[in-house]
Amino acid sequence: MFVDVLFHKIYYELYGAEHRNTLLYLHGGPGAGCLDFVNQAKALGEKMRVILFDQFGVLRSDPIGEDEDYSMEYQVEMLEEMRRTFGIDQWSILGHSYGGALAVLYAHRYPDSIQKVILECPTLWFEDSAKSVAEYVSGHIASLGNPDASKLCEKLKAPDYPGGREPPHDLMALLDYVEDPKLGNYLHGISFEEYWQSMDASGIHDEMWAKGERHLKKLLETGPAQEDAPGKRVTMLDNFLPLAQEIDLPILLLNGKYDPACTKDQTDYLLSRGRNVTREVFENSGHFPRTEEPEKYTRAVLSFLEA
C-alpha cells in the first residue's frame, strides 16, 4: 500500500489494524527497507497495530530527485505527517540501527506525538560504531592477506582516525572485502542464509536496491538546516547520544550481545545518563535479534509496550 506524505508516495504495510495502540518501525541501513521486520510485525500484530514502511528514497517508495533537498530533519517531518495522515494521536516507535538515530531525533523534536521508544541495536554515534566494526572484522581481514584491506582496517581502528565524512565510505569499502556474509552482516545466532530466507524479497529488483545510494548520500550532506531554520543540518554522522539523554519518554534498549555496531560505550552512556532507559540483552544475537531470537524479541517488545 502507499500513502502520500509531503507530495511523495511512501510504501507501507499495516498489521493488526483492529488494535488501537500503534507501533511504527523505522528501518536502518540507511536504505535497508522494512523487508526483514515483516515476521515480527505479524507476531506483534496479534496484540497491536504495527506500521512499517520503506523510507523516502528506499526500495518501493518514491525515489529522491538528484537535486531534491532531503535530510534527517525532513525524514522527521515526514514521520509526523504520516502520523497525522493515519489519524493517530500518539504512537510508539521502534528504530533499528540507523533507524535508532532517526527515532531519537523524532522523539526529541515531537515528544508529544510518541508514547514509548524502542531502540534495537541503535547506531547513535556512527564514528564509534565504525571503529567497533573494524575491530570486529579485523581477524578476518588479516586472514585475507590483502594489504589494502588491512591498511583500511587499521585506519578505521586508529585512535587518531580523522572521522568527518569518511567513516561511512571507509566502512562500506572495508565490508566489501569481507568474504563471510554472516560476519559482514553482524549475525551471530543464525547463518546469513537463514537471515535472507526469513524475508520475502522476491519483488525487489536491482534498481530498487540502487535507489538507496542517493538516500545515503543525502543523509550525509552537510550545510545549513533546511527551510532557513537556525543552525546546521543534522546528518547521520552526528552524535545522537546527547539528544537521547534529554528524552523523558520511556526507552527500551534492545541489544545483541555480539553486535559490533551498538557498542558498549554507547549502551553504557544510555544506561547511565538516560532519564528512563531499560535494557534487554539478547545473549545469542548480533545485530538482528528480531530474527536471531524472534520469540524472546516479541515478548520483550510486548512486555514493554503493554506495561
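Which residue in S5 is the bridge partner of Leu 26? It is Gly 95, and that pairing is a handy way into the sheet at the middle of this note. Please keep in mind as you read that this is a predicted model.

1. **The sheet as a whole.** Eight strands make up an open sheet, and their order is S1-S2-S4-S3-S5-S6-S7-S8, with mixed pairing. S1 and strand S8 (277-282) are the edge strands, each pairing on one side only. On average, neighbouring strands of this sheet are turned by 25 degrees against each other, direction ignored. Helix H3 packs on the sheet, where it touches S3, S5 and S6, and its direction makes about 145 degrees with that of S5.

2. **Strand S5 and its partners.** If you want to follow one strand by eye, try S5 (91-96). S3 and S5 run parallel and are joined by four bridges; Leu 26 and Gly 95 are bridge partners here. On the other pairing, S5 and S6 also run parallel, joined by five bridges, and Trp 91 has Ile 114 in S6 as its bridge partner.

3. **Is S5 enclosed or open?** Six of the six residues of S5 are buried, so the strand is largely enclosed by the rest of the structure. Both of its faces are covered: one side carries Trp 91, Ile 93 and Gly 95, the other Ser 92, Leu 94 and His 96.

4. **The hairpin at the edge.** S1 (residues 2-5) shows two faces, with Val 3 and Val 5 on the covered one and Phe 2 and Asp 4 on the uncovered one. S1 runs antiparallel to S2 (residues 8-15), and four bridges join the two. Val 5 stands opposite His 8 of S2. Two residues lie between the strands of this hairpin, and Leu 6, in the turn, has a positive phi of about 50 degrees.

5. **Helix H3.** This is a helix worth clicking through. Its twelve residues (98-109) should span 16 Å at 1.5 Å a residue, and the end C-alpha atoms are 17 Å apart, which agrees. Ten of the twelve are buried, so H3 is largely enclosed by the rest of the structure. The buried residues run from Tyr 98, Gly 99, Gly 100, Ala 101 and Leu 102 through Ala 103, Val 104, Leu 105, Tyr 106 and Ala 107. Their cover includes strands S3 (22-26), S5 (91-96) and S6 (114-120), along with helices H2 (72-85), H9 (206-220) and H10 (241-245).

6. **Nonpolar cores.** In soluble globular proteins, nonpolar side chains tend to be buried together. Here the largest nonpolar core has 67 residues, and Leu 24, Met 72, Trp 91, Ile 93 and Leu 119 have the most contacts inside it. H3 gives the most to this core, with eight residues. Another core, of 22 residues, lies apart from it and has Tyr 25, Val 38, Leu 94 and Leu 252 among its members. Back in the 67-residue core, the neighbours that Leu 24 touches include Ile 51, Phe 53, Leu 79, Met 82, Trp 91 and Ile 93.

7. **Gln 55, a polar residue to look at.** Gln 55 sits in the loop between strand S4 (49-53) and H2. How much of Gln 55 is accessible? Its relative accessible area is 2%, and because the cut-off for buried is under 20%, Gln 55 counts as buried. A polar atom of the Gln 55 side chain lies 2.9 Å from the backbone oxygen of His 27. Beyond its neighbours within four places in sequence, Gln 55 is in contact with Leu 26, His 27, Ser 61, Gln 75, Tyr 98, Leu 102 and His 215.

8. **Asp 170, a second buried polar residue.** Asp 170 belongs to helix H6 (residues 166-177) and is buried, at 11% relative accessibility. Its side chain makes a polar contact of 2.8 Å with that of Tyr 161. Apart from residues up to four places away in sequence, Asp 170 touches Leu 152, Lys 155, Leu 156 and Tyr 161. Its C-alpha atom is separated by 24 Å from that of Gln 55, which is 115 residues apart from it along the chain.

9. **Helix H13.** H13 (residues 294-306) has 13 residues and reaches 18 Å from its first C-alpha to its last, close to the 18 Å expected at 1.5 Å a residue. Its buried residues are Tyr 297, Thr 298, Ala 300, Val 301, Leu 302, Phe 304 and Leu 305.

How values were computed: Residues are numbered from 1 along each chain as its sequence is written. This is a predicted model: local features need pLDDT of at least 70, side-chain atom pairs count only at pLDDT 80 or more; totals for chains, interfaces and linings use all residues. Side-chain values use heavy atoms; hydrogens and water are left out. Buried means under 20% relative accessible area, exposed over 50%, partly exposed in between (1.4 Å probe, protein chains only). Two strands pair if DSSP finds at least two bridges between them. Contact means heavy atoms within 4.5 Å. A polar contact is a pair of N or O atoms within 3.5 Å; within protein, one must be able to donate a hydrogen and the other to accept it, and residues adjacent in sequence count only if both atoms are side-chain atoms. The expected span of a helix is 1.5 Å times one less than its number of residues. A nonpolar core is a set of buried Ala, Val, Leu, Ile, Met, Phe, Trp, Tyr and Cys residues joined through side-chain atoms within 4.5 Å. Axes are lines fitted to C-alpha atoms, for helices over the stretch in contact, and angles run from 0 to 180 degrees between N-to-C directions.
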